[in-house]
Amino acid sequence: MSEALESLLDLLDLEQIEQDIFRGTSRSAVVPRVFGGQVAAQALVAAGRTVPDDRGAHSLHAYFLRPGDPGAPIVYSVDRIRDGRSFTTRRVVAVQHGKPIFHLSASFQVHEEGMDHQAVMPLAPDPETLPTAEEMLPRYADRLSDPRLVDRLLESRAAVDLRYADAPPFATAGEPREPRSQVWFRTQGKLADDPLLHVCMATYVSDMTLLDSVLLAHGRGGWAVGDVVGASLDHAMWFHRPFRADEWLLYDQESPSSSGGRGLGQARIWTADGKLAITVIQEGLVRVPRD
């Protein structure tokens with residue numbers, strides 16, 4: 001296991017300070033605010049720790065309310081909304097400096113058998129044939145607003161092996177493309193066999209690239225290039241089938257719409273053997289900077 005992954009696992013191991021109240025810390029992000037995937041994953045950890053072990057997360061719906069301060073702890077308060085025979089519902093509010101910065105509702109279900117069908121996995125290149133971040137990012141240093149961002153990007157993603165199937169938005173800024181993007185990802189090391197941990201890790205990664213397809217449609221490179229200003233607004237995930245975040249997962253993303261300063265990204269996450277594991281939808285703020 002890499003040192004970066006160990007650090008991320010420590011970040012997700014929240015401190016319980018009272019019944020249904022947990023405290024988490026943050027680490028420096030590329031932008032001067034808490035990474036949205038981190039607060040979403042931590043909130044899901046908090047919710048999951050109040051749920052019986054026989055119930056796995058099957059969906060979450062969240063809103064990003066305020067930018068998080070990476071220099072201050074985050075307190076997660078869990079409301080036990082419902083404990084039914086098959087389903088358990090939790091609501092989590094993340095608070096900093098006395099104000100809510102994030103709200104999450106999550107539902108958990110006892111495993112049961114039922115009707116089963118899924119879409120067909122899209123074609124994608126073998127992840128082992130694609131360049132790693134360490135190989136790919138330095139090629140585009142001259143396209144970023146500051147070449148030193150390469151090191152910050154590598155540091156922020158060091159816990160995850162994330163590989164683009166096609167050039168990322170900042171590599172083709174100025175050239176509109178089909179609003180679709182694919183990345184493969186897995187953690188940089190083996191994880192424990194705790195299903196909640198794998199779900200939380202996928203939640204963490206899901207906020208990294210989902211709005212890329214919005215940028216591609218308009219030939220924008222993103223915040224690293226400086227031609228858009230953006231932030232996550234809301235986030236929803238449905239967990240369909242078991243998966244491991246330490247094995248290759250295909251994140252197939254597209255954008256059906258952008259308008260009113262907002263862009264919508266939707267995606268499916270597939271296991272390498274073709275099982276549909278997760279569906280993700282996110283709307284984000286995507287503004288063109290004014291002169």
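**Exercise 1.** Along strand E5 (residues 87-96), which side chains point to one face and are buried, and which point to the other and are not?

*Solution.* The model is predicted, with local features needing pLDDT of at least 70 and side-chain atom pairs pLDDT 80 or more, while totals for chains, interfaces and linings use all residues. Residues are numbered from 1 along each chain as its sequence is written, and side-chain values use heavy atoms, without hydrogens and water.

Step 1. Strands are DSSP runs of E, at least two residues, and helices are runs of H or I, at least four, both numbered from the N terminus. Buried means under 20% relative accessible area, exposed over 50% and partly exposed in between, with a 1.4 Å probe and protein chains only.

Step 2. The side chains of E5 alternate: Thr88, Arg90, Val92, Ala94 and Gln96 are on the buried face. Phe87, Thr89, Arg91, Val93 and Val95 point the other way and are not buried.

**Exercise 2.** Find the strands that pair with E5.

*Solution.* Step 1. Pairing requires at least two DSSP bridges between two strands.

Step 2. Strand E4 (residues 74-83) is antiparallel to E5, with eight bridges; Arg80 stands opposite Arg90. Three residues form the hairpin connection from E4 to E5.

Step 3. E5 also runs antiparallel to strand E6 (residues 99-110), through 10 bridges, and Phe87 faces Gln109 in E6. Two residues lie between these strands in their hairpin, where His97 has a positive phi near 55°.

**Exercise 3.** Why is the pair of Phe35 and Tyr204 edge-to-face?

*Solution.* Step 1. Rings of Phe, Tyr and Trp (its six-membered ring) pair if their centres lie within 6.5 Å; planes under 30 degrees apart are stacked, over 60 edge-to-face, the rest tilted. The structure holds five aromatic pairs.

Step 2. The ring centres of Phe35 and Tyr204 are 5.1 Å apart and their planes lie at 80°, so the pair is edge-to-face.
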